[in-house]
Amino acid sequence: MEREMQLFVDSLKRNLTAEDIVNLEACIGCKNCGEACAWYLTTGDEKLHPTYKTDFIRKIYKRYMTLEGKIKGALGLMETPTVKDLRENMEYFWKCTACGRCTLACPQGLSTRRIVRLARAAYSDAGLSEENPTIKSIVENTRNLRHSFGLTREQVFGRVGLFLYTDGTELPVEVKGAEYLFVCPAAGNTKIPDYGIKLPKILNAAGVSYTVSPRVIDTGTEIDHIVVHHELSKQMLLEWEAEAERLGVQKVLVVECGCDVRTLYVEATETLGRPFKFPIVSVDSLMLELIKSGKLPVEKIKQKITMHDPCYVTRLAGMGEMERELLRSVAENFVEMTPNREYNYCCNAGSGPMRLPENTELRRKVSKIKAEQIKNTGAELVTTPCAVCMLSIEDTCKVYGLAPENKRMSLMMFEVVYEAMVKALEKRGELDRMRMPAELKGRDEEFFMKHSISGIMAQMMQNPDFPKLMEWLEGDEIVQRYFRDNPHAFEKMQELKQMIEKKFKQEVKAR
Ligand code: SF4
Ligand code: SF4
């Protein structure tokens with residue numbers, strides 16, 4: 001057997017469960033699954049039909065992993081898939097979001113998404129998936145920097161620190177004994193860190209005991225869902241647990257990321273071979289509890305708003321009703337899209353299709369169904385508890401002309417909560433509640449300098465490389481977007497820059 005095929009088959013052997021064998025053996029070939037898949041429905045392309053992917057893996061399984069296949073293959077009575085076939089078919093396993101919708105249409109209840117994950121893991125174990133430059137970069141960045149987009153700790157913290165500094169808001173860093181450890185996935189702190197600062201402001205206003213850590217700057221979900229690299233995924237989870245242990249937190253807070261939700265609530269047990277050590281709390285269920293208990297004041301927003309169910313949050317983690325309850329508590333005019341809940345159509349972006357640029361044109365075409373769903377609601381806004389869904393829907397709304405010029409139509413769920421909270425706090429004259437986290441209140445100066453984001457920023461400024469970081473920040477498109485949206489913050493950044501330049505000039509003079 002060719003080396004890559006051997007590695008591919010070995011990976012399948014390692015990971016196939018009895019249930020997966022049923023997934024491969026029990027298909028009756030009715031092709032109903034295609035009627036539920038947006039990729040097939042919008043294109044009619046047989047290579048995008050769920051069965052194209054499962055048939056290919058079934059061929060490999062039958063030929064190399066069953067006695068019948070070994071005998072018939074040796075006699076030339078059965079087709080023998082080759083490494084060339086693996087390469088030719090690889091792209092189709094990433095033209096799928098592993099959303100699981102096709103399972104709903106299958107009379108046998110078979111899971112194509114499971115086969116897709118097995119195939120991705122096998123491509124990864126065979127070293128073939130890294131022939132794709134984006135997948136290669138996710139693996140290398142995760143391995144070397146523990147951040148799948150390749151940002152350094154300084155870049156992640158410098159950017160968030162800059163936003164919070166110019167906003168006058170604090171963030172607790174490495175506070176031992178806090179109740180929650182709050183970790184943001186790379187997609188969140190790379191693509192929407194400016195929108196993301198609303199989340200610590202909500203936690204501050206509600207008096208939640210939480211901390212972030214500079215040691216864990218990514219949750220590892222791209223390595224788990226896009227690449228399906230089990231070994232690196234395990235390392236990321238173990239490091240996450242170790243940091244929670246070191247800091248002595250009680251629970252781990254999962255932010256609005258469908259992949260994180262699925263990993264922590266479901267996949268982690270399989271990856272680690274045991275449940276994740278810490279209780280997991282979704283930030284949305286926490287916000288709902290805070291609103292219900294009166295700790296987080298809100299006043300409902302009035303705009304007509306619809307909700308996109310992220311497949312990994314609703315269909316694959318069962319949290320759809322909780323998300324609806326949260327949305328109803330902050331929005332007066334919530335209207336469902338049709339179909340909804342577990343029958344909702346995917347955003348067509350998660351677990352790969354948005355991250356791999358070669359899929360952009362096709363993803364947009366496939367998103368026609370999503371655009372129609374949104375348009376039919378007549379809503380002004382769409383919200384969703386997943387960063388990648390939000391970004392994909394933002395793109396879909398623009399491409400299909402649904403969003404008003406230069407205005408965001410797609411919001412994270414926590415952004416809707418934020419708007420409702422600001423409305424309530426403004427009325428009460430309590431906007432300052434968003435500034436200071438519970439874990440930093442009443443602390444002495446030494447503690448504050450060590451554990452506040454402004455203290456960490458001050459330490460970073462002492463570093464001779466800080467001007468380089470400032471240069472990177474100035475050229476960064478997310479920073480530019482933040483300053484466009486918050487012009488007052490730009491002036492504060494200029495003050496900060498002048499202060500740093502002055503400091504470094506004085507130091508150079510003194511040398
Ligand atoms: S998992 Fe989703 S994207 Fe993949 S084949 Fe099934 S319905 Fe299509
Ligand atoms: S719907 Fe189920 S049984 Fe029918 S072709 Fe698809 S996977 Fe096979």
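Helix α5 (residues 67-74) is hardly covered, with a count of zero buried residues among its eight. Here a residue is buried if 20 or more other C-beta atoms lie within 10 Å of its own, exposed if 12 or fewer, and partly exposed in between, with C-beta atoms placed from the backbone. Helices (H or I, at least four residues) and strands (E, at least two) are DSSP runs, numbered from the N terminus. G76 follows α5 and has a positive phi, near 75°.

This is a predicted model, in which local features need pLDDT of at least 70 and side-chain atom pairs count only at pLDDT 80 or more, while totals for chains, interfaces and linings use all residues. Residues are numbered from 1 along each chain as its sequence is written, and chains are lettered from A and ligands numbered from 1 in the order in which they are written.

The protein is divided into domain 1 (3-130), domain 2 (134-290) and domain 3 (296-426); these bounds come from an automatic or database domain assignment. The centres of domain 2 and domain 3, taken over C-alpha atoms, are 22 Å apart. Their contact takes 29 residues from domain 2 and 33 residues from domain 3, where two residues are in contact if their C-beta atoms, placed from the backbone, lie within 7 Å. On the side of domain 2 that touches domain 3, the elements giving two or more residues include α11 (186-191), α13 (198-205) and α16 (258-272). The residues of that side divide into 17 nonpolar, six polar and six charged. In this classification Ala, Val, Leu, Ile, Met, Phe, Trp, Tyr, Cys and Pro count as nonpolar, Asp, Glu, Lys and Arg as charged, and the others, Gly among them, as polar.

The surroundings of the two ligands are listed below. A residue is near a molecule if its C-beta atom, placed from the backbone, lies within 6 Å of it.

| Ligand | Residues around it | Closest residues | Classes in the shell |
|---|---|---|---|
| Ligand 1 | 14 residues | C37, P50, C96, C99 and C102 | nine nonpolar, three polar and two charged residues |
| Ligand 2 | 13 residues | C27, C30, N32, C33 and C106 | eight nonpolar, four polar and one charged residues |

An open sheet of four strands has the order β2-β1-β3-β4 with parallel pairing; two strands pair if DSSP finds at least two bridges between them. The edges are held by β2 (210-211) and β4 (280-282), each with a single partner strand, so one side of each is left without a neighbour in the sheet. Strand β1 (residues 180-183) runs parallel to β2 and is joined to β2 by two bridges. L181 stands opposite T211 in β2. Helix α15 (residues 230-247) packs on this sheet, touching β1, β2 and β3 (251-254), and its direction makes about 140° with that of β1. Axes are lines fitted to C-alpha atoms, for helices over the stretch in contact, and angles run from 0 to 180 degrees between N-to-C directions.

Strand β7 (residues 381-384) pairs in the parallel sense with strand β5 (residues 301-307) over three bridges, and with strand β8 (residues 410-412), also parallel, over three bridges. T383 in β7 is the bridge partner of M307, and L411 in β8 is the bridge partner of T383. From β7, L381 and T383 point one way and V382 and T384 the other way, and all are buried.

E358 lies in the loop between β6 (331-335) and α19 (360-366). E358 counts as partly exposed because it has 14 C-beta neighbours inside 10 Å. The C-alpha atoms of E358 and G455, 97 residues apart along the chain, are separated by 42 Å.
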